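Subject: Handover of a structure

Hello,

I am passing this structure on to you, as you will be working with it from here. Please look through the sequence and the model before reading the notes underneath.

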Amino acid sequence: MKNIILAVMLMVSAAYAHTIVGTPVLKGTLKTKLFVENVPSTCKVQIEKIWSSNNEDSYGNPGYHVRMDLNLSGYDMESGKTVKFDTKVMLSNMYTVGANRIVKDYEYATEDGKITLTIKTDGRLNSVSFPHKSQKVTCSF
């Protein structure tokens with residue numbers, strides 16, 4: 001009897017672990033201030049477009065793509081240092097883990113995984129992380 005209850009609990013928890021809510025990313029533009037290499041900088045993120053990838057993961061959850069414009073700029077008058085990073089990227093919430101494809105509800109990344117975007121439960125941007133020179137920059141909103 002204990003084995004049957006344990007088996008049912010495992011099946012329910014496995015099914016729950018791969019169920020996503022389907023939270024959409026909200027379009028719009030956000031700015032935040034931060035220091036990069038001791039230079040006061042501004043990070044600007046614009047979500048331009050969101051669309052279905054027409055693919056599902058191994059559990060039947062739909063994947064989505066997001067087109068994002070990412071801009072980092074800053075200048076320090078005393079040292080003369082300049083920080084500049086500007087790119088347009090496409091991110092997806094579908095990841096390959098081993099032989100399976102898995103959709104993550106609150107996390108998007110570029111195909112190479114270098115730029116990541118996280119959202120809150122209401123679809124608003126939480127953070128964007130990307131490499132700049134020799135460090136990883138995280139813009140939190």
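The notes below go from the overall layout to the strand pairs and then to single side chains.

Please keep in mind throughout that this is a predicted model.

Overall layout

The protein contains 1 helix and 10 strands. Read from the N terminus, the order of elements is α-β-β-β-β-β-β-β-β-β-β. The protein has 141 residues, and 35% of them count as buried. Among contacts in the protein with a separation of 6 or more, 45% are between residues 24 or more positions apart.

Strand pairs

Strand 2, residues 39-56, pairs with strand 3 in the antiparallel sense, over 12 bridges. One of the facing positions is Ser41, which stands opposite Gly74 in strand 3. The two strands, 2 and 3, make a hairpin with 5 residues between them. Gly60 is in that turn and has a positive phi of about 90 degrees.

Strand 3 also runs antiparallel to strand 4, and 11 bridges join these two. Here His65 stands opposite Ser92 in strand 4. Strand 3 and strand 4 again form a hairpin, with 6 residues between them. The turn includes Gly80, whose phi is positive at about 80 degrees.

Further along, strand 5 (residues 94-97) and strand 6 (residues 100-103) run antiparallel and are joined by 4 bridges. Met94 has Val103 in strand 6 as its bridge partner. The hairpin of strand 5 and strand 6 has 2 residues between the strands, and Gly98 in the turn has a positive phi of about 65 degrees.

Charged side chains

A search of the whole structure finds 2 salt bridges. In one of them, the side chains of Lys88 and Glu48 meet at 3.3 Å, N to O. This pair links distant parts of the chain, with Lys88 in strand 4 and Glu48 in strand 2, 40 residues apart. Lys88 is exposed, with a relative accessible area of 56%, while Glu48 counts as partly exposed at 25% relative accessibility.

The other salt bridge is between Asp122 and Arg124, whose closest N and O atoms are 3.2 Å apart. Asp122 is partly exposed, and its relative accessible area is 43%.

Asp69 deserves a separate entry. This residue lies in strand 3, which covers residues 62-75. What is the nearest side chain of opposite charge to Asp69, and how far away is it? It is Lys88, at 4.6 Å. A salt bridge requires the nitrogen and the carboxyl oxygen to be within 4 Å, and Asp69 has no salt bridge although it is buried. Leaving aside residues up to four places away in sequence, Asp69 touches Lys44, Val45, Gln46, Glu48, Asp86, Thr87 and Lys88. Both partners of the Lys88 and Glu48 salt bridge are therefore among the residues that Asp69 touches.

Aromatic side chains

The whole structure holds 1 aromatic pair, according to the search. The ring centres of Phe85 and Phe130 are 4.9 Å apart and the planes are at 15 degrees, so this pair counts as stacked. Phe85 belongs to strand 4 (residues 82-92) and Phe130 to strand 9 (residues 125-132), so the pair ties together parts 45 residues apart in sequence. Is Phe130 buried or exposed? Phe130 is buried, with a relative accessible area of 0%.

Two lysines lie over aromatic rings. The charged end of Lys49 sits over the ring of Trp51, at 5.3 Å from its centre. Lys104 lies over the face of Tyr95, and the distance to the ring centre is 4.5 Å.

Tyr108

Tyr108 lies in strand 7, residues 107-109. With 1% relative accessibility, Tyr108 counts as buried. Which residues does Tyr108 touch, not counting those up to four places away in sequence? They are Thr23, Val25, Tyr64, Val66, Leu91, Ser92, Asn93, Tyr95, Ile115, Thr116, Leu117 and Ile119. The list includes Tyr95, the residue whose face lies under Lys104. Tyr108 and Met94 are 14 residues apart in sequence, and their C-alpha atoms are 7.6 Å apart in space.

Regards

Note on methods:
Residues numbered from 1 in each chain as written. Predicted model: local features only at pLDDT ≥ 70, side-chain atom pairs only at ≥ 80, totals over all residues. Heavy atoms only, no water. Buried < 20%, exposed > 50% of the residue type's maximum accessible area, 1.4 Å probe, protein only. Lys, Arg positive; Asp, Glu negative; His and termini not counted. Contact = heavy atoms within 4.5 Å. Phe/Tyr/Trp six-rings, centres within 6.5 Å; stacked < 30°, edge-to-face > 60°. Lys NZ or Arg CZ within 6 Å of the ring centre and 35° of its normal. Pairing = 2+ DSSP bridges.
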